[in-house]
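Student: Could you take me through one part of this model in close-up? I'd like to go through the aromatic pairing and the helices around it.

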Amino acid sequence: MPITSASQAWAILVRHARDDIESLRLLELCLDTHRVSSLVSVLQNENKGTLVVDFSRQKLALETLDHLLHFAYARKCMEFINRMPYSISANRNEGRSVLALRAPRGANILHSSPSPSNSLPDEQRFNVCLSVHKEWDRMKRFSESYRQGVLRSCTGAMIRDVVVVGSGVAMHALRFVYDALLQDPKGNQAASLSMQRRTFGGSSDPPHRRLRLISSIDTSTALKALQDLEA
């Protein structure tokens with residue numbers, strides 16, 4: 001039976017998860033070599049970079065992927081994906097096209113409308129990458145001055161803690177990268193690079209730079225993130 005609505009596609013997906021997937025074990029699914037090979041893709045670009053997409057470690061069957069694709073089609077996800085490179089409406093919060101954030105320096109992504117009837121004349125279109133890289137440069141100057149000790153606290157001491165206030169996926173990604181770098185020997189060593197030997201919490205070892213993330217308006221969460229900060 002053809003799927004006519006997103007709600008119908010979602011209902012089918014929910015029923016499939018309940019009746020066909022819930023009782024399965026991931027270990028058994030991974031023993032199915034046909035399933036594993038079908039859920040792994042290896043992509044290479046012209047610069048010989050490799051991207052491995054592996055869904056085989058997820059608790060899903062090949063039929064699950066079909067149901068997910070049907071749901072995405074019913075929700076018209078391709079229309080949104082097609083808007084991403086150039087449409088401001090794809091990222092209403094920041095007012096810029098989504099893929100411009102990943103575009104290399106020198107790229108030219110002109111803002112326009114995804115609808116031909118509302119398209120702008122060439123003289124009114126602008127390269128959205130310019131503002132993106134301008135912001136990147138500002139962030140790089142700030143981070144380098146922080147790491148090199150040029151940027152100082154109000155007491156003239158080197159800054160150890162940086163508090164980031166934000167929300168959404170970007171904050172989760174930042175936390176993931178920060179935690180991963182601390183587990184890397186070189187990243188952990190770099191966290192104390194150029195830091196002055198000064199007693200923090202009773203230790204005379206070079207202090208580590210620390211990132212405090214606040215992604216909630218909850219008062220107790222903010223207090224926990226801000227505790228033991230020093231000027």
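Tutor: Here is a look at the aromatic pair, then the helices that carry it, then the rest of the chain.

First, the ground rules: this is a predicted model, where local features need pLDDT of at least 70, side-chain atom pairs count only at pLDDT 80 or more, and totals for chains, interfaces and linings use all residues. Residues are numbered from 1 along each chain as its sequence is written, and side-chain values use heavy atoms, with hydrogens and water left out.

Searching the whole structure turns up one aromatic pair. Its members are Trp10 and Phe71, 5.3 Å centre to centre with 50 degrees between the planes, which makes the pair tilted. (For pairing, ring centres of Phe, Tyr and Trp, taking the six-membered ring of Trp, lie within 6.5 Å; planes under 30 degrees apart are stacked, over 60 edge-to-face, the rest tilted.) Trp10 belongs to helix α1 (residues 6–21) and Phe71 to helix α4 (residues 62–74), so the pair ties together parts 61 residues apart in sequence. Helices here are DSSP runs of H or I with at least four residues, strands are E runs of at least two, and numbering starts from the N terminus.

How accessible are the two rings' residues? Trp10 has 47% relative accessibility and counts as partly exposed; Phe71, at 22%, also counts as partly exposed. The scale calls under 20% relative accessible area buried, over 50% exposed and what lies between partly exposed, using a 1.4 Å probe and protein chains only.

Now the helices themselves. The axes of α1 and α4 come within 8 Å and cross at roughly 165 degrees, with axes fitted to C-alpha atoms over the stretch in contact and angles running from 0 to 180 degrees between N-to-C directions. α1 and α4 are therefore roughly antiparallel (over 145 degrees; under 35 is roughly parallel, 65 to 115 roughly perpendicular, the rest oblique). On the α1 side, the contact residues include Ala9, Trp10 and Leu13, and on the α4 side they include His67, Leu68 and Phe71; contact means heavy atoms within 4.5 Å.

Just past α4, Lys76 lies in the loop between α4 and α5 (77–83). Lys76 has a positive phi of about 60 degrees, although it isn't a glycine.

As for the wider setting, the protein has nine helices and four strands, and 24% of its 231 residues count as buried. Among contacts with a separation of 6 or more, 47% come from residues 24 or more positions apart.
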